[in-house]
Every structure is written in C-alpha cells, then in structure tokens.
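Work through the exercises below with the structure in view. Each task is followed by a solution in steps.

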Amino acid sequence: MKVASTKVNFDVESIRKDFPILSREVNGKPLVYFDNAATSQTPQQVIDAIVDYYSRYNANIHRGVHTLSQEATDAYEQARIKVQKHFNADKSHEIILTSGTTHAINLVASGFSSLLKENEEIIVSALEHHSNIVPWQMLCEKTGAKLKVIPMNDNGTLNMEEYEKLLSEKTKLVFVNHVSNALGTINPVEEIIRKAHNVGAAVLLDGAQAAPHIKANVQELDVDFYVVSAHKMCGPTGVGMLYGKEEWLKKLPPYQGGGEMIATVTFENTTYADLPHKFEAGTPDICGGIAFGAALDYMNAIGFENIATYEHELLEYATEKLLEIEGLRIYGTSAEKTAVISFNIGDIHPYDIGTIIDKLGIAVRTGHHCAQPVMDYYKIPGTVRASFSFYNTKEEIDKFIEAVKRAKTMLS
Ligand SMILES: Cc1ncc(COP(=O)(O)O)c(C=O)c1O
C-alpha cells in the first residue's frame with residue numbers, strides 16, 4: 001500500500017493529498033472537517049480498492065467455482081485476516097464481519113437472550129452511545145435481567161468505586177465503550193475487564209471511537225467481545241467487526257437465519273455452519289469488507305503511535321485556544337482523552353453555533369451525539385463537538401476558533 005509517504009516523520013501535508021474530499025470547498029470556503037467522530041474521510045487508496053473491486057472482480061463469494069468468485073472470496077477472506085492481525089485476535093474465525101458496531105452489539109445482545117436468566121444483571125456505563133443502551137434494555141425486557149449503570153463524574157470519567165460496588169455474582173455481562181463518543185474520555189478498560197472477570201462476568205467493549213486512534217490488542221486486553229465500525233477508521237460505511245472469543249461465539253446462537261450460515265438444510269432440520277459463517281447470513285458487503293482491509297493497511301502504514309501523538313498535539317492546541325473564549329465550557333476533561341472536544345458557550349444553543357460555522361466551511365457535530373444520558377447529566381440539550389483526525393491541521397483549528405468567536409459575537 002502506497003501512502004503519500006510512509007511517515008516516520010509525520011507529514012500531514014502529504015497525508016492530506018491522499019484525501020480528495022479535503023480539497024473541496026463548502027459555502028465558498030475550504031472545507032474544515034471536524035466531524036471525524038461521526039465518520040472519517042476516505043483516502044484515495046481505499047477509494048481505489050472499491051473501484052478495483054467493482055471494475056475487476058465483482059462476484060458473490062464462498063459459493064462460486066468461477067475465477068471472479070474465487071478472487072472475490074480470497075480478497076474478502078484476506079480482509080478478515082487483516083482485521084484479525086490488526087486487533088491481534090488469536091483466530092481469524094473469531095472475527096465476524098458485520099454491518100457495523102450497532103449490528104455487532106445487537107448480535108451479541110440477541111445471543112445472550114438465551115443465556116441470561118431473570119434477575120441476573122447487566123452493567124453498562126453512564127457514558128454509553130444509545131447503541132450500547134437500547135439493545136441491552138431490549139434484552140432485559142425479554143429475559144427479566146436487570147440493567148445497572150456505572151455513574152459518571154463531573155469530568156466525564158467513570159466512577160470506578162461505584163462500578164466495584166455494582167459487581168456481584170449476579171453480574172453476567174459488562175458493556176462499556178472504550179472511548180466515549182460524546183466526550184472523548186478513554187475509559188480504564190483493563191481495570192473494568194479484570195474486575196468483571198473476577199466475578200465471572202463477560203465484557204463487551206464498544207471500540208467504535210477508540211479504533212480510529214488506538215490499536216486495541218484483544219488478547220492482551222483479555223476482552224470477550226470487541227466491536228468497531230470501519231467508517232470511523234477511513235473505511236466505507238456499512239461494514240464493521242465483531243471480535244468474540246471462540247468459546248463465546250460457540251455458545252451464542254446464530255443471530256439471523258439464511259444462506260451462508262448453514263451446514264445442511266432440510267424441512268425437518270437445519271445445522272449451522274462453523275465460525276465465522278454461523279453469524280454471517282446472506283451476501284455480506286463484500287466490497288466493504290475488502291475496503292475495510294485497505295483502510296487498515298492505510299492507517300497502519302501511517303502508524304497508530306504517530307497518529308496518537310499528532311492528534312494529541314491537535315487536542316492540546318485546540319483546547320487551549322477554545323478556553324481563551326469567555327463563557328466557553330468544555331465537557332469532558334479527563335486526562336485520558338482522544339481528540340474530541342465537546343463544548344458550549346453560555347446559553348447559546350449548539351445548533352446555532354454549528355449552523356453559523358458551517359457557513360464558513362467548518363463541519364462539526366451539534367446535538368446529543370446519541371448519548372442523551374450524558375447530556376442529561378450535565379443538564380444541557382447538547383454540545384458542539386469538534387473531533388479531529390490525523391489529517392487535520394493547526395491552521396484549520398485557527399480558522400475554527402475564529403469562526404466560533406464570530407458565531408459567539410453574532411449570537412450574544
Ligand atoms: C461509541 C459508539 N458506539 C456505537 C456507535 C454506532 O456506530 P454505527 O452507527 O457505525 O453502528 C457509534 C457511532 O457514532 C459510537 O460513537
């Protein structure tokens with residue numbers, strides 16, 4: 001994989017050339033894209049992988065003897081191995097390719113409906129995205145299990161003393177995000193996993209917001225399930241991963257029935273395929289899976305340590321500049337954060353700031369960020385969220401700061 005230059009010294013200007021969208025204008029101004037926590041942009045190398053698939057070997061996989069089908073199958077299974085290597089899973093069949101994080105969480109939640117008993121307990125955290133709350137509520141409704149919540153502290157960290165108090169022999173599952181999408185907090189996942197395992201509970205980490213910044217090692221973490229979406233890490237939408245320890249994936253029943261996930265079918269009886277196919281009913285997003293692999297190649301060529309160091313510089317620079325604006329409050333001030341800043345200015349509505357700065361070419365997210373409980377905790381309707389990626393620059397942050405100041409003047 002060719003990256004503009006393989007960055008030992010991080011060269012953001014040449015990296016930016018890999019992303020065609022970064023040279024477009026919005027409302028007559030150069031685009032400043034600070035909505036990376038919602039979805040990241042796509043480098044030419046990934047776009048090329050997509051074009052190559054549809055131009056040269058578009059075919060259905062796993063069932064054809066013809067050359068195109070075999071080429072597509074090989075590329076798709078190669079992508080699974082790239083994902084396995086990236087997250088350091090022990091076996092490639094522990095990687096289930098899903099349509100994204102939400103699909104992966106629902107797959108696990110649905111599977112646990114046959115394993116959980118009434119009055120057993122599930123723990124989630126106060127920092128969760130709705131996709132890590134609602135499936136567990138639905139599971140509790142079905143099984144009579146109880147949902148417990150790890151409370152948060154004012155600085156956007158989790159209250160770990162309370163977590164410890166919630167754990168008991170009734171706890172069967174713990175679900176937390178590795179990184180909060182609303183605030184950027186990096187949660188102490190090693191401790192969370194260790195303590196859950198001490199009471200015999202399984203742990204699912206939602207890595208949707210961690211994966212673009214941190215290379216998680218699932219074996220070192222000893223996590224039971226880890227889920228991500230490719231579109232937040234330079235890949236396409238519509239594809240993601242569920243990592244599950246083999247023992248768990250064997251225990252869980254299939255999520256959906258259909259082609260691909262069976263071994264034999266008669267009207268009397270069906271037997272299921274082995275892992276990973278047991279969880280991959282129907283034709284998958286073949287091109288998406290292959291492009292996910294290309295995205296991992298791209299990010300690994302830049303290097304996750306380079307990415308983390310550079311993004312941290314952007315975070316510190318932007319935080320300092322934003323705090324110079326009178327009346328501005330940042331939500332989420334943990335020492336361990338990814339490059340996400342959620343803020344409000346006085347009682348100005350976040351939508352108003354977002355709308356004005358869009359006119360200046362700047363894309364940020366405004367609202368509750370699918371984390372209404374976090375907003376309820378702070379008693380606010382939402383925030384302005386600027387989230388940076390390794391292809392952003394300090395010059396872009398300067399433009400953003402000027403735009404926010406202008407919005408403040410117009411709205412005060
Ligand atoms: C922490 C977290 N979990 C889950 C999701 C849902 O991801 P997707 O919509 O790709 O399934 C998101 C998306 O923003 C997220 O930030």
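A salt bridge is a side-chain nitrogen of Lys or Arg within 4 Å of a carboxyl oxygen of Asp or Glu. The model used here is predicted.

**Exercise 1.** Decide whether E120 and K117 form a salt bridge, and state how exposed each residue is.

Solution. The N to O distance between the two side chains is 3.9 Å. The cut-off is within 4 Å, so E120 and K117 meet in a salt bridge. Next, buried means under 20% relative accessible area and exposed means over 50%. E120 has 14%, so E120 is buried. K117 has 55%, so K117 is exposed.

**Exercise 2.** Find which parts of the chain are linked by the salt bridge of R16 and E396.

Solution. The side chains of R16 and E396 meet at 3.3 Å, N to O. R16 belongs to helix α1 and E396 to helix α14 (residues 394-411), so the pair, 380 residues apart, links distant parts of the chain. Both R16 and E396 are buried.

**Exercise 3.** Do the same for K394 and E313.

Solution. The closest N and O atoms of K394 and E313 are 3.9 Å apart, and the two form a salt bridge. K394 lies in helix α14 and E313 in helix α11 (residues 304-323), 81 residues apart. K394, at 30% relative accessible area, is partly exposed, and E313, at 39%, is partly exposed.

**Exercise 4.** Search the structure for disulfides and check C287.

Solution. The search of the whole structure finds zero disulfides. For C287, the nearest cysteine sulfur is that of C234, 16 Å away. A disulfide needs two cysteine sulfur atoms within 2.5 Å, so C287 is in no disulfide. C287 is buried, with a relative accessible area of 6%.

How values were computed
Residues are numbered from 1 along each chain as its sequence is written. This is a predicted model: local features need pLDDT of at least 70, side-chain atom pairs count only at pLDDT 80 or more; totals for chains, interfaces and linings use all residues. Side-chain values use heavy atoms; hydrogens and water are left out. Buried means under 20% relative accessible area, exposed over 50%, partly exposed in between (1.4 Å probe, protein chains only). Helices (H or I, at least four residues) and strands (E, at least two) are DSSP runs, numbered from the N terminus.
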